[in-house]
There are 2 protein chains.
Amino acid sequence: MNTPLSHANSRVKEARKLSRRSVRTERRLFLADGPKAVEGALTVPGCVVEVFATVAAAEQYAALLVDVPQLWLVEDRAMDSLSDSVSPAGVVAVCRFLDVDLADVLSSSPRLVTVCADVRDPGNAGTVIRTSDAAGAQAVVLAGHSVDPYNPKTVRASVGSLFHLPVVLVDDPGQVVRALQEAGLTVLAADGAGEVDLFDADLAPATAWLFGNEAWGLPDELAALADHRVSIPIHGSAESLNLATAAAVCLYASARAQR
Amino acid sequence: MNTPLSHANSRVKEARKLSRRSVRTERRLFLADGPKAVEGALTVPGCVVEVFATVAAAEQYAALLVDVPQLWLVEDRAMDSLSDSVSPAGVVAVCRFLDVDLADVLSSSPRLVTVCADVRDPGNAGTVIRTSDAAGAQAVVLAGHSVDPYNPKTVRASVGSLFHLPVVLVDDPGQVVRALQEAGLTVLAADGAGEVDLFDADLAPATAWLFGNEAWGLPDELAALADHRVSIPIHGSAESLNLATAAAVCLYASARAQR
């Protein structure tokens with residue numbers, strides 16, 4: 001075990017730079033913050049490069065940290081600088097990027113896939129990844145100008161599912177829709193103005209759900225590429241659901257139909 | 001129209017005190033922040049006491065504000081002190097409390113009711129109110145040590161549904177369960193360890209859903225009071241859903257069965 005590193009230590013400083021998207025993208029590395037995320041990362045062979053822990057956390061999570069490739073003890077202030085949590089749990093892992101190619105996902109004949117086009121809120125993206133995993137989806141595609149899945153808030157909101165469910169990053173959402181259709185999936189656009197009621201939709205076939213931006217939904221031209229535009233029935237005075245709850249309702253309707 | 005009031009004006013100062021729960025509870029008044037919330041409040045007769053608006057917002061939302069009982073123009077800094085938004089929309093209403101008695105709700109023979117026991121996150125509570133409204137529930141009960149529904153974050157996350165759906169506040173969650181059962185509703189506890197799978201549950205009868213705290217769920221003794229403990233099937237590696245998405249899945253399963 002090393003003497004705890006200070007926040008000025010060069011190794012800590014290099015890891016801290018991973019809070020910036022540009023640095024993450026360049027190095028293809030990101031930070032997994034907290035024992036749940038580190039535990040998830042350790043289930044993926046070769047994912048964890050090194051782990052930083054406070055002395056107290058290294059003791060508390062000794063069983064978890066026994067097999068990490070490189071463990072660095074750090075001072076509390078160094079941990080504060082690595083974690084974006086208000087109250088850091090004291091353990092942060094530097095992890096290799098996990099995203100895979102869409103072709104890899106399609107080669108495994110998925111039955112349920114989530115596609116987000118231009119999802120912008122990191123917490124929403126993480127919740128959608130977690131919910132997709134829980135509903136039995138086999139992959140999540142983040143398309144267009146979507147949030148970085150390696151954003152610390154997204155990693156945290158996914159509660160480990162980022163390390164379990166394949167995530168795909170594609171610039172052009174239209175290209176994703178066409179590739180999914182060519183692979184035999186029915187693409188359903190979740191659209192408040194959709195012509196098919198969710199509870200009338202045929203959800204038994206292999207399906208990809210297409211969700212739009214939190215504020216403005218799906219662009220018409222993208223929704224038009226889907227096989228159907230599906231609306232969740234809205235009662236009361238509510239105008240809509242938020243993205244994460246709408247995704248949960250759609251994905252679980254599919255899970256039910258496909259079981 | 002008055003000269004815009006400064007943040008030091010006594011009327012602005014009195015309204016600002018409503019950011020504190022103790023003051024809200026004492027005066028039975030709260031703040032509705034932003035045009036959506038003010039629009040919702042104005043649909044409830046007698047709810048709005050007065051509205052504060054910046055000069056720009058008073059112009060932009062002139063049609064909305066035409067019928068408000070008292071409109072006070074305020075300086076930007078005064079608006080910043082009234083709003084908890086990072087970028088205030090410029091219009092805030094002082095509103096009367098809206099919560100009703102459980103007996104009033106039960107006298108209207110509701111078919112679908114949401115009960116939250118010890119929900120602590122203001123955003124979650126607001127999202128559950130919005131989702132309950134969208135799914136066609138007739139009321140939301142916040143029981144136990146739940147968050148104040150008049151918290152600005154809850155009001156905002158409800159996106160107007162707080163002004164549409166009756167909200168009931170009760171200290172003892174067990175008392176709520178018994179009253180709902182006596183009124184003929186089946187009480188279903190959403191419980192990850194529940195013995196009934198959501199998709200096998202009989203959701204056609206009048207139903208109340210009981211949801212627990214974000215972190216620790218429902219206490220065993222409370223879940224035991226429900227007629228059934230219902231679990232959402234969880235696939236993949238996810239351990240659970242978050243409160244708002246779990247509530248969405250359960251409430252929409254009921255909406256589907258009851259249509």
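## Two contacts to look at: inside chain A, and between A and B

Chain A splits into domain 1 (10-96) and domain 2 (102-258). Keep in mind as you look around that this is a predicted model. Going by C-alpha atoms, the centres of domain 1 and domain 2 of chain A sit 30 Å apart.

Let's start with where those two domains meet. Domain 1 of chain A brings 15 residues to the contact, and domain 2 of chain A brings 12. Together the two domains of chain A bury about 1,100 Å², with 60% of that on carbon and sulfur atoms. If you want somewhere to zoom in, try A:R24, A:F30 and A:D84: they supply 43% of the area that domain 1 of chain A buries against domain 2 of chain A, more than any other three residues.

A:D84 is worth a second look, since its side chain also meets that of A:R156 in a salt bridge, at 2.4 Å from N to O. Between domain 1 and domain 2 of chain A the count is four salt bridges, and there are two residue pairs in polar contact with both partners at pLDDT 80 or more. On the domain 1 side, the elements of chain A that give two or more residues are α2 (21-27), β1 (29-33) and α3 (35-42). Of these, α3(A) provides the largest share, four residues. Sorted by class, this side of domain 1 of chain A has eight nonpolar, three polar and four charged residues.

Now swing round to the partner chain. Chain A puts 31 residues into the contact with chain B, and chain B puts in 31 residues too. Chain A and chain B bury about 2,700 Å² between them, 56% of it on carbon and sulfur atoms. Here the trio to pick out is A:F199, A:Y252 and A:R256, which supply 24% of the area that chain A buries against chain B, more than any other three residues.

What about charges and polar groups across this interface? Six salt bridges are counted between chain A and chain B. For one you can find on screen, go to A:R259 and B:D197, whose side chains meet in a salt bridge at 3.9 Å, N to O. There are also 20 residue pairs in polar contact across the interface of chain A and chain B, both residues at pLDDT 80 or more. Two helices of chain A, α8 (122-135) and α12 (243-258), each supply at least two residues to the side that touches chain B. That side of chain A divides into 12 nonpolar, 11 polar and eight charged residues.

Technical notes
Residues numbered from 1 in each chain as written. Chains lettered and ligands numbered in written order. Predicted model: local features only at pLDDT ≥ 70, side-chain atom pairs only at ≥ 80, totals over all residues. Heavy atoms only, no water. Contact = heavy atoms within 4.5 Å. Buried area = accessible area lost by both parts, 1.4 Å probe. Polar contact = N/O pair within 3.5 Å; in protein donor to acceptor, adjacent residues only side chain to side chain. Nonpolar A, V, L, I, M, F, W, Y, C, P; charged D, E, K, R; others polar. Domains from an automatic or database assignment.
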